[in-house]
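Hi everyone, thanks for making time for this one. I'd like to walk you through a single chain today, so please have a look at the sequence and the model as they come up.

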Amino acid sequence: MITKVQKWGNSQGLRISKELLADADLAVGDAVEVAAREGTIVITPARRVRGRQDLGALVKDIPASYKPEELDWDPPAGREAW
């Protein structure tokens, strides 16, 4: 696919065809990592969030037998009292 770098406001951008996105298993709104390597721009799907936990992965790790329970954090104090 041949495309042009275009100016969008104060930024520059590329238009990517639906077919190319589908081939890369990407969709509009997906996070990607963009890097320049040896004069080439490389775009890869962002599969992890740096410095944060992935909520989906954390939820998958919850055992099926887990039963949530209410915790008592002592009575409210100050302005948060209802």
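Let's start right at the beginning of the chain: is M1 buried or exposed? M1 is exposed, with a relative accessible area of 60%. Please keep in mind throughout that this is a predicted model.

Let me stay with M1 for a moment. This residue sits in the segment before β1. Setting aside neighbours within four places in sequence, M1 is in contact with R15, I16, S17 and L20. Take L20 from that list: M1 and L20 are 19 residues apart in sequence, and their C-alpha atoms are 8.2 Å apart in space.

V5 belongs to that segment before β1 as well, and β1 itself covers 6–8. With a relative accessible area of 64%, V5 counts as exposed. Which residues does V5 touch, not counting those up to four places away in sequence? They are Q12, G13 and L14. Now look at V5 and E70, which are 65 residues apart along the chain: their C-alpha atoms are separated by 55 Å.

Now the chain as a whole. How many helices and strands does the secondary structure come to? The count is two helices and four strands. If you read along the sequence, the pattern is β-β-α-β-β-α. Why call the chain more spread out than a compact globule? The radius of gyration is 23 Å, while the globule rule gives 12 Å for 82 residues; the chain is well over that value, so it is more spread out than a compact globule.

A few overall values go with that. The C-alpha trace spans about 65 × 35 × 25 Å along its principal axes. Buried residues make up 4% of the 82 residues; for that label, the relative accessible area has to be under 20%. Next, contacts between residues at least 6 apart in sequence: 0% of them join residues at least 24 apart. As for the surface, the accessible area comes to about 8500 Å², and 55% of it belongs to carbon and sulfur atoms.

On to the largest pocket, for those of you who like looking at cavities and clefts. How much space lies in the largest pocket? About 500 Å³. Its lining is made up of 20 residues, and those nearest the centre are L14, I16, L21, V32 and I43. Three elements give two or more residues to this lining: α1 (18–23), β3 (32–37) and β4 (40–45). Of the elements, β4 gives the most, with three residues. By class, the lining has 15 nonpolar, three polar and two charged residues. You may recall two names from earlier: L14 is one of the residues V5 touches, and I16 is one of the contacts of M1. Both L14 and I16 are among the residues nearest the centre of the pocket.

Let me turn to backbone angles. Most residues other than glycine have a negative phi. Here we have E38, which has a positive phi of about 55 degrees although it is not a glycine. Where is E38 found? In the loop between β3 and β4. At 85% relative accessibility, E38 counts as exposed. D74 also has a positive phi, of about 75 degrees, and it is not a glycine either. D74 is found in the segment after α2, and at 60% relative accessibility it counts as exposed.

That brings us to the segment after α2, where α2 covers 55–60. S65 lies in this segment, and S65 is exposed, with a relative accessible area of 60%. How far apart are the C-alpha atoms of S65 and I41? They are separated by 47 Å, with the two positions 24 residues apart along the chain. E69 is found in the segment after α2 too. E69 is exposed, with a relative accessible area of 64%. The C-alpha atoms of E69 and V42, 27 residues apart along the chain, are separated by 47 Å.

So, to pull the tour together: we have a chain with the pattern β-β-α-β-β-α, and a pocket lined by 20 residues. After α2 comes a segment that holds S65, E69 and D74. Thanks for listening, and I'm happy to go back to any part of the model.

Conventions
Residues numbered from 1 in each chain as written. Predicted model: local features only at pLDDT ≥ 70, side-chain atom pairs only at ≥ 80, totals over all residues. Heavy atoms only, no water. 1 Å grid on protein atoms, 1.4 Å probe; cavity = no way out; pocket = protein on both sides within 12 Å on 5 of 7 lines; lining within 4 Å. Points joined across faces, edges and corners; volume = space filled by probe spheres on them. Nonpolar A, V, L, I, M, F, W, Y, C, P; charged D, E, K, R; others polar. Rg over C-alpha atoms; globule rule 2.2 N^0.38 Å. Buried < 20%, exposed > 50% of the residue type's maximum accessible area, 1.4 Å probe, protein only. Contact = heavy atoms within 4.5 Å. Areas by Shrake-Rupley, 256 points an atom, 1.4 Å probe, with all protein chains shown as cover.
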